[in-house]
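This report introduces a single protein model to a reader who has not met it before. Please consult the sequence and the structure while reading.

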Amino acid sequence: MIEIKPQIQHKSNCPTSGTALQPAKILWQGMHICVELKSDSGSEIIDLLRVGHGSHTSLQVDLAKGEVFSGNSYVAEWLGKPLLNSLQNPRSEKLEITKEIFKPCQRVIILNCIDYLYGHSLLKLLNAQRHLECNPECGLIVIVPKFLRWMVPDGVAEVWTVPISLKNGRDYYLDFAKFVDEQTKRFEQIYVSEAYSHPSQFDITRFTRVPKHSFDDKEDVNITFIWREDRLFINSLLFRILRKLNLLSIGLAVQNWKVRRLFEGIRSHLPVAKFAVAGLGTKTDFPEWIEDYRVDMFNEKIEQDICQVYADSRLVIGLHGSNMLLPSGHAGMTIDLIDERWGNFAQDIIYQESNQKMAAFRYRFLPYQTPTDTLAFIAAVMVLTLDEFKSYMTADVVN
């Protein structure tokens, strides 16, 4: 945790002279928590507080000169330039921010979950459990976009729900900054959560209120494909061409055909299996033997209901991305199909298994180019041999 009241726990140097900078105040940009700094020369430097994706590298912007400074060129491009642009172009719209107080506290931790990517927001929220369990002396305040309010766990002191969409998650809203500034005056001591990008201390059921998959049911074997329409289960070059030509309907038809072919392949090895598709986007149709849980838009009830579909699934299969977080967190096993994103390996998976060998069995990562018949065979083997594998690999634990 990083203390910001009564003192700002932050050290920084001027990016040009190297002299120490004095923290002046906290700037609540929205997605970022920043520190305004003053140099001897009078320059105004904005520095990222070491939280979220800013926790691993330094990032500074000089507002007057319009410059970005970072030891990592990728971070400068990915985080720095959008941050500078947002601060130079603040938004003046009024936001209808909802404040819920469940218990009064004078010492608090603020966990900020605003982001421009769904997976980032969700993963930040999962830090809440660590604070609830490890820092009971402080009340936890969670700042969430509206679409995540339903997942805030019980036990928090306050929830501040902000109507900032993912599309505008990088923007700087003056009304949000003003709201937080005013609210923080109520507390004697304030810490900011590090909001780790990939926390490990949590149980997803505390957030969704949906139990995980039970392997006790040996009769119902449900296999679900996680559907999305902005990243397709087709050749990447073909996808880029179709998108450029505005012919993605062809790509969706190919994806539909590949999913049906995959399910048919699995069914040839596993006749008792039942099949479903779930996710975002309802273009194309599936035959009656495939349950269709796809939607055009998520809301709290729909997302919670679909988490139950995941939990009922012995196996979920889908293309790498944030769409795999909740499915992997609830289903029995997962196959994650990766295109060129091998550098983001396992970042979209919520592991439920502490045994290393069982985790390797339950969570598979395969190239999306894997032939459909090979993928079907692997999926069927995972389902058919799970019990035998577990009996061999955990015999000393079980017995």
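## Surface, salt bridges and sheet

Leu247 is partly exposed, because its relative accessibility is 34% (under 20% is buried, over 50% exposed and in between partly exposed, with a 1.4 Å probe and protein chains only). The model is predicted, so local features need pLDDT of at least 70 and side-chain atom pairs count only at pLDDT 80 or more, while totals for chains, interfaces and linings use all residues. Residues are numbered from 1 along each chain as its sequence is written, and side-chain values use heavy atoms, with hydrogens and water left out.

Leu247 sits in the loop between helix H6 (236-244) and helix H7 (248-269); helices (H or I, at least four residues) and strands (E, at least two) are DSSP runs numbered from the N terminus. Together with Leu237, Ile241, Leu245 and Ile250, Leu247 makes up a nonpolar surface patch with about 440 Å² of accessible area. Patch members have over 30% relative accessible area and no salt bridge; like charges are joined within 9 Å and nonpolar side chains (Val, Leu, Ile, Met, Phe, Trp, Tyr) within 5 Å. Areas follow the Shrake-Rupley method with a 1.4 Å probe, and for residues only the protein chains shown count as cover.

A salt bridge places a side-chain nitrogen of Lys or Arg within 4 Å of a carboxyl oxygen of Asp or Glu. The count is 18 salt bridges, including the three tabulated here.

| Pair | Closest N and O atoms |
|---|---|
| Arg50 and Asp47 | 3.5 Å |
| Glu229 and Lys283 | 3.7 Å |
| Asp220 and Lys274 | 3.6 Å |

Asp220 lies in the loop between helix H5 (205-208) and strand E13 (222-227), and Lys274 in strand E14 (residues 274-279), so this salt bridge ties together parts that are 54 residues apart in sequence. Asp47 is buried, at 1% relative accessibility, whereas Arg50 is partly exposed at 26%. A network of salt bridges also links Arg91, Glu93 and Asp171.

An open sheet of 6 strands runs in the order E15-E14-E13-E16-E17-E18 with parallel pairing; strands pair if DSSP finds at least two bridges between them. Its edge strands, E15 and E18 (363-367), each pair on one side only. Strand E17 (residues 333-338) pairs with E18 over 5 bridges, and Ile335 is opposite Arg364 in E18. Helix H11 (residues 372-393) lies across E13, E16, E17 and E18, at about 160° to E17. Axes are lines fitted to C-alpha atoms, for helices over the stretch in contact (heavy atoms within 4.5 Å), and angles run from 0 to 180 degrees between N-to-C directions.
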